[in-house]
Amino acid sequence: MYDVAIVGAGPAGAMLARLLSGRCRVLLLHRQRKKCCGGILAPESQKMLAKFDLALPREVLVDPQPFAVAVWDLQSQLVRHYARQYVNIDRNIFDHWLVSLIPSDVDVRMGAVYRRSQYSDKNCFEISFTEKEEIRSAQARFLVGADGSFSTVRREFFADHLSPKRYIALQEWFELQTVLPENFTQTGIDFRNDYVGIFDSEITDFYAWMIPKNEQIILGGAIPSGKKTRETFEQLKTKLRKIGFCFDFSVHREAGSLFRPLNPCSVCLGSDRVFLIGEAAGLISPSSAEGISSALTSAYCLAQTFGSQGFNLSAYRKNLRLLRWQLLLKMLKIPVMFHPLLRKQIMLSGLTALDRPL
Ligand SMILES: Cc1cc2nc3c(=O)[nH]c(=O)nc-3n(C[C@H](O)[C@H](O)[C@H](O)COP(=O)(O)OP(=O)(O)OC[C@H]3O[C@@H](n4cnc5c(N)ncnc54)[C@H](O)[C@@H]3O)c2cc1C
């Protein structure tokens, strides 16, 4: 019998397993799948890694390291740069590195996919999962869903809870030298070095992005689920082609689901025996989709509550107070940031921007 079964070994699950190691018997179900992600470590994520006394190994890093985000409003053609110290990473290698830090007393089941569980009369969960094409089972006192935005655990136990707005994120990778228009500097953006946030309300009520990664560049966008995703993404490419971009030489395409909590009630931390951390809980920035910091923070806050009685929901909620306030503030900023006219006024004012006002 395990004390804790964790579903998912993204940043949230891998970090929780590491923090619980040596304190209880942990089972970690790790469905290995490459994450569709921009691979940008925001200052908040860097702070969490510092808190765990972790330094990034060189192989996690990719070039360049942007110190500014270029905000590009496609409809008004306005561009502004804002200072932000990001670290540009290879997300796949980052995830592998986090898993490699889990001590050996944690039972990590590589390739295991959680199916469902039942609370039995033995006061524990009977957990069913698929491993090496066989259905297996295990018993655990507590269950933690760290299984991201399409969380099976959340859908199984908290289906009645308000869900964050769902987006489908598409990313396409290109060779940098084949993509850029000859006169790209006229846009005011250095696409070889800037992390670019692209805003266009015809495409999405969230945003799209371009991120250079070594000799390649990602074009990505978060499109509300229900809207024709592929067609909308192509529409974005058509708009960029008109400016001179060439998207004929695609290297790789990927897609993933993304949560956007626009209402504080859509954050769900769990119940007495089932807990949610990371994006499964709805802990992700509704303004930028940065979620790695919240994944690490929630793992830390839940691990802190573990004692002889197991986890404690009210202590977990209390530990997360600061993060929840920060998310709430971001939610409140959304109507301004994402309103085309208001955003235009803010960009024209040059408020907090590095560029000089017009
Ligand atoms: C396109 C895109 C770009 C993004 N860019 C950034 C960025 O640049 N910076 C940033 O900070 N955040 C970014 N995010 C958000 C960030 O990726 C997530 O918020 C973060 O990964 C959440 O971590 P997590 O551990 O909660 O979930 P995840 O990283 O999603 O990990 C969940 C894990 O659970 C596993 N899993 C799922 N179901 C099962 C199951 N049934 N059984 C076993 N395992 C299962 C998955 O395979 C995965 O390994 C981006 C998201 C998207 C979609």
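**Exercise 1. Find the ring beneath Arg260 in this predicted model, and say which cluster that ring belongs to.**

Solution. Start at Arg260, which lies over the face of Phe206, 3.8 Å from the ring centre. Next, look at the company Phe206 keeps: one aromatic cluster is formed by Tyr167, Phe199, Phe206, Tyr207, Trp209 and Phe338. For a second arginine over a ring, go to Arg155, whose charged end sits over Phe150 at 4.0 Å from the ring centre.

**Exercise 2. Classify the ring pair of Phe94 and Trp97 as stacked, edge-to-face or tilted.**

Solution. A pair of aromatic rings is described by two values, the distance of the centres and the angle of the planes. Rings count as a pair when their centres lie within 6.5 Å, and by this rule there are 22 aromatic pairs. For Phe94 and Trp97 the centres are 5.9 Å apart and the planes stand at 45°, so this pair is tilted. Now place the two residues: both belong to helix α3 (residues 91–100), where they are three residues apart, about one turn of the helix. Finally, check their accessibility: Phe94 is buried at 0% relative accessibility, and Trp97 is buried too, with a relative accessible area of 12%.

Now try the same steps on Phe157 and Phe158. Their ring centres are 6.4 Å apart with planes at 50°, so this pair is also tilted. Phe157 is partly exposed, with a relative accessible area of 29%, whereas Phe158 counts as buried at 12%.

**Exercise 3. Describe the surroundings of Thr232, from its helix to its contacts.**

Solution. First, locate Thr232 in helix α6 (residues 229–243). Second, decide whether Thr232 is buried or exposed: the cut-off for buried is under 20% relative accessible area, and Thr232 has 4% relative accessibility, so it counts as buried. Third, look for a polar partner: a polar atom of the Thr232 side chain lies 2.4 Å from the backbone oxygen of Lys228. Last, leave out residues up to four places away in sequence, and Thr232 touches Ile203, Ile223 and Lys227.

**Exercise 4. Compare the span of helix α7 with its expected value, then explain why the helix is described as largely enclosed.**

Solution. Helix α7 covers residues 292–304, which makes 13 residues. From first C-alpha to last, α7 reaches 19 Å, close to the 18 Å expected at 1.5 Å a residue. Turning to burial, 11 of the 13 residues of α7 are buried, so the helix is largely enclosed by the rest of the structure. Among the buried residues are Ile292, Leu296, Cys301 and Leu302.

Technical notes:
Residues are numbered from 1 along each chain as its sequence is written. This is a predicted model: local features need pLDDT of at least 70, side-chain atom pairs count only at pLDDT 80 or more; totals for chains, interfaces and linings use all residues. Side-chain values use heavy atoms; hydrogens and water are left out. Rings of Phe, Tyr and Trp (its six-membered ring) pair if their centres lie within 6.5 Å; planes under 30 degrees apart count as stacked, over 60 as edge-to-face and the rest as tilted. Helices (H or I, at least four residues) and strands (E, at least two) are DSSP runs, numbered from the N terminus. Buried means under 20% relative accessible area, exposed over 50%, partly exposed in between (1.4 Å probe, protein chains only). A charge sits over a ring if NZ of Lys or CZ of Arg is within 6 Å of the ring centre and within 35 degrees of the ring normal. A polar contact is a pair of N or O atoms within 3.5 Å; within protein, one must be able to donate a hydrogen and the other to accept it, and residues adjacent in sequence count only if both atoms are side-chain atoms. Contact means heavy atoms within 4.5 Å. The expected span of a helix is 1.5 Å times one less than its number of residues.
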